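Please open the model in a viewer and follow the selections below in the order in which they are given.

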Protein chains: 2
Amino acid sequence: MEKVTIATVARRAGVSRQTVSNVINTPEVVREETRERVREAIAELGYRVNQAARQMRTGRSGLIAVRIEPARDGINGSVLDRFLHGLTDAAALAGYRVMLYTAADDAEEITTYDDLLSAYDLDAFVLTSTHHGDPRTSWLVQRGVPFVTFGRPWGAPDTHSWVDVDNAAGTAAATERLLSTGHRRIGFVGWPPGSGVGDARRDGWARTLAAAGLEDDDLSTATVDGVDSGAAAAQALLARPDRPPTALVCASDSLALGALGAARDLGRDCAVVGFDDTAVARAVGLTSVSQPLADAAARCVDLLAELLDDHAPRMPTQLLLLPSLVLRQTA
Amino acid sequence: MEKVTIATVARRAGVSRQTVSNVINTPEVVREETRERVREAIAELGYRVNQAARQMRTGRSGLIAVRIEPARDGINGSVLDRFLHGLTDAAALAGYRVMLYTAADDAEEITTYDDLLSAYDLDAFVLTSTHHGDPRTSWLVQRGVPFVTFGRPWGAPDTHSWVDVDNAAGTAAATERLLSTGHRRIGFVGWPPGSGVGDARRDGWARTLAAAGLEDDDLSTATVDGVDSGAAAAQALLARPDRPPTALVCASDSLALGALGAARDLGRDCAVVGFDDTAVARAVGLTSVSQPLADAAARCVDLLAELLDDHAPRMPTQLLLLPSLVLRQTA
DNA sequence: TTGTAGGCGTTATCAC
DNA sequence: GTGATAACGCCTACAA
């Protein structure tokens with residue numbers, strides 16, 4: 001089986017190479033009859049455009065790069081993986097492929113951008129885990145590299161397109177659910193202030209309680225993420241002598257799992273809601289807020305496709321997606 | 001900043017383009033003095049080879065493809081993700097990049113091979129989740145596409161290189177641990193026979209008990225994977241009127257988590273060991289067998305590098321890696 | 001609407 | 001040991 005090039009197709013269809021190229025890239029410019037003939041030849045021969053050759057001419061590779069992170073504490077790491085899967089799917093549909101890279105920190109990641117860009121002519125990047133003072137976005141903006149972030153640019157101006165999940169809406173929904181099932185003293189176990197995501201999750205809880213006239217800052221506690229620290233924090237809240245909470249909204253499934261254990265140890269009946277709908281939540285029947293990760297990934301690809309779709313540079317677009325509450329046994 | 005090509009470097013170093021190419025690809029053929037001069041020029045200009053151009057000439061892209069699967073039941077899905085991370089790292093070290101693709105089934109995956117191969121000139125594939133009667137390997141062998149599998153070719157002859165983890169050794173270690181802590185009636189909660197992995201995990205348990213003169217087939221039960229089914233299976237075992245087991249080895253963390261719950265519900269003290277050391281195991285303090293995934297990934301890259309390293313086609317290599325037992329509270 | 005001519009950056013071949 | 005030349009497959013002018 002010889003290599004099938006545009007020339008093979010041209011010969012088979014009795015046209016020039018250029019016409020074949022036109023059929024592929026700008027079909028509207030070719031007469032219908034010719035177009036059909038060429039298409040048949042393409043199908044018969046099983047011709048596929050050679051990306052490398054196309055890339056040489058156009059400077060575009062059809063490749064999108066995204067960083068795969070080590071599964072941090074593991075329990076919440078699966079979020080990125082689900083996003084990755086969605087991204088690969090959506091990208092394939094739009095005619096792109098996903099390339100992976102790793103990096104230990106922001107600086108190393110920037111070095112990798114440089115590498116990837118000059119060696120592979122990457123079309124775009126998808127950044128995850130954005131944070132305050134993120135040096136990656138400014139680096140990319142400065143060189144005019146197309147990119148989208150999954151996660152808003154915390155503290156920085158909205159100069160690029162991004163997709164994010166409305167974390168506050170998630171904890172708000174959780175809190176409302178608890179209110180609707182009769183709870184009146186609803187606590188919150190969250191992270192130390194300063195992380196955009198963590199603050200938003202706390203806000204959703206606080207805002208909802210305030211709207212119900214039930215706000216009480218004493219019901220909120222902050223700690224580093226983890227099962228043990230979640231247990232300790234919940235224990236402190238539940239052991240209060242005066243009117244302890246009967247339900248807890250948690251900033252992560254790890255914290256929620258700890259809270260669940262603390263309640264059990266104290267022999268207390270306490271409703272608990274986690275965040276991220278991880279495998280752990282599914283396994284232990286924990287009610288949890290679920291991020292629409294496949295959807296978020298698809299939107300990232302949409303925005304990227306828009307960015308890469310030649311034509312005028314349009315305004316950066318921001319998308320805030322709503323999470324959903326997965327009801328299980330704990331709330 | 002102009003595009004830096006091999007010609008720019010050649011001009012700067014005062015040599016021809018070909019000499020620069022030689023310095024990059026076959027340095028030993030260039031005189032040391034010249035080589036140094038060229039290397040300096042490369043560094044000064046920040047030159048990088050253009051993969052697309054190289055690929056056009058050599059037909060090799062420096063890309064390895066691997067399939068990313070949906071996080072199946074989720075609880076065990078993280079295994080693939082950890083492998084993926086290791087693969088990306090190891091590949092980068094060896095000068096390769098990892099490209100992702102998805103596929104709903106084997107047939108679709110084979111179609112994707114065809115696509116990827118003809119459009120992107122992929123250098124090789126890494127297959128995971130091998131199974132009995134896997135059509136993918138024969139397809140690849142037939143066309144001479146280099147590949148390595150993570151998972152042995154169940155039932156098929158060893159015609160290609162693979163890396164796998166010795167599942168039986170994992171459950172054997174778990175069983176030995178339980179024996180050494182005084183348990184004598186050790187049960188097994190596994191999957192229905194027929195899956196290579198599941199059968200191997202059962203074998204390790206059975207073999208170890210037999211060696212201790214304690215074999216008892218009645219202590220083994222099989223069920224589909226999942227927390228609930230694990231709970232049911234463990235419950236059946238533990239509720240036996242005559243000498244029920246005091247410890248359980250499980251084929252997965254999901255099953256183990258179920259077993260843990262069943263024991264608690266029955267008010268029974270029962271040691272439990274899971275398999276795969278997932279986030280859930282870490283979260284609930286479950287002792288579990290851990291696969292050396294980063295190592296496995298690195299070995300896959302080693303084998304691939306060997307395969308791609310020009311020269312004579314050498315014998316396929318098979319690597320069986322030993323898992324380790326992560327001790328936590330449950331055993 | 002279709003065809004022809006060049007060139008993208010690299011490496012293989014073959015002189016020098 | 002080094003340099004000139006051609007070719008990989010495609011796309012973008014421009015000419016017909």
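Two strands are said to pair if DSSP finds at least two bridges between them. Helices (H or I, at least four residues) and strands (E, at least two) are DSSP runs, numbered from the N terminus. This is a predicted model, in which local features need pLDDT of at least 70 and side-chain atom pairs count only at pLDDT 80 or more, while totals for chains, interfaces and linings use all residues. Residues are numbered from 1 along each chain as its sequence is written, and chains are lettered from A and ligands numbered from 1 in the order in which they are written.

Begin with the six-strand sheet of chain A. Its strands form an open sheet in the order 7-6-8-9-10-12, with mixed pairing. Strand 7 (220–222) and strand 12 (324–326) of chain A are the edge strands, each pairing on one side only.

Next, select strand 6 (residues 186–190) and strand 8 (residues 247–250) of chain A, which pair in the parallel sense over four bridges. Here I186(A) stands opposite A247(A) in strand 8 of chain A. Add helix 10 (residues 227–238) of chain A: this helix packs on the sheet, touching strands 6, 7 and 8 of chain A, and its direction makes about 150° with that of strand 6 of chain A. For contact, the C-beta atoms of two residues, placed from the backbone, must lie within 7 Å; axes are lines fitted to C-alpha atoms, for helices over the stretch in contact, and angles run from 0 to 180 degrees between N-to-C directions.

Now display chains A and B together. Twelve strands form an open sheet in the order 11(A)-5(A)-4(A)-3(A)-1(A)-2(A)-2(B)-1(B)-3(B)-4(B)-5(B)-11(B), again with mixed pairing. Strand 11 (318–321) of chain A and strand 11 (318–321) of chain B stand at the edges with a single partner strand each, so one side of each is left without a neighbour in the sheet.

Within chain B, select strand 1 (residues 63–67) and strand 3 (residues 124–127), which pair in the parallel sense over three bridges. The bridge partner of V66(B) in strand 3 of chain B is V126(B).

Finally, which residues are closest to DNA strand C? They are S16(A), T34(A), T5(B), I6(B) and A53(B), among 26 residues that surround the strand; a residue is near a strand if its C-beta atom, placed from the backbone, lies within 6 Å of it. Helix 2 (17–25) and helix 4 (51–58) of chain A, together with helix 2 (17–25) and helix 4 (51–58) of chain B, each give two or more residues to this surface.
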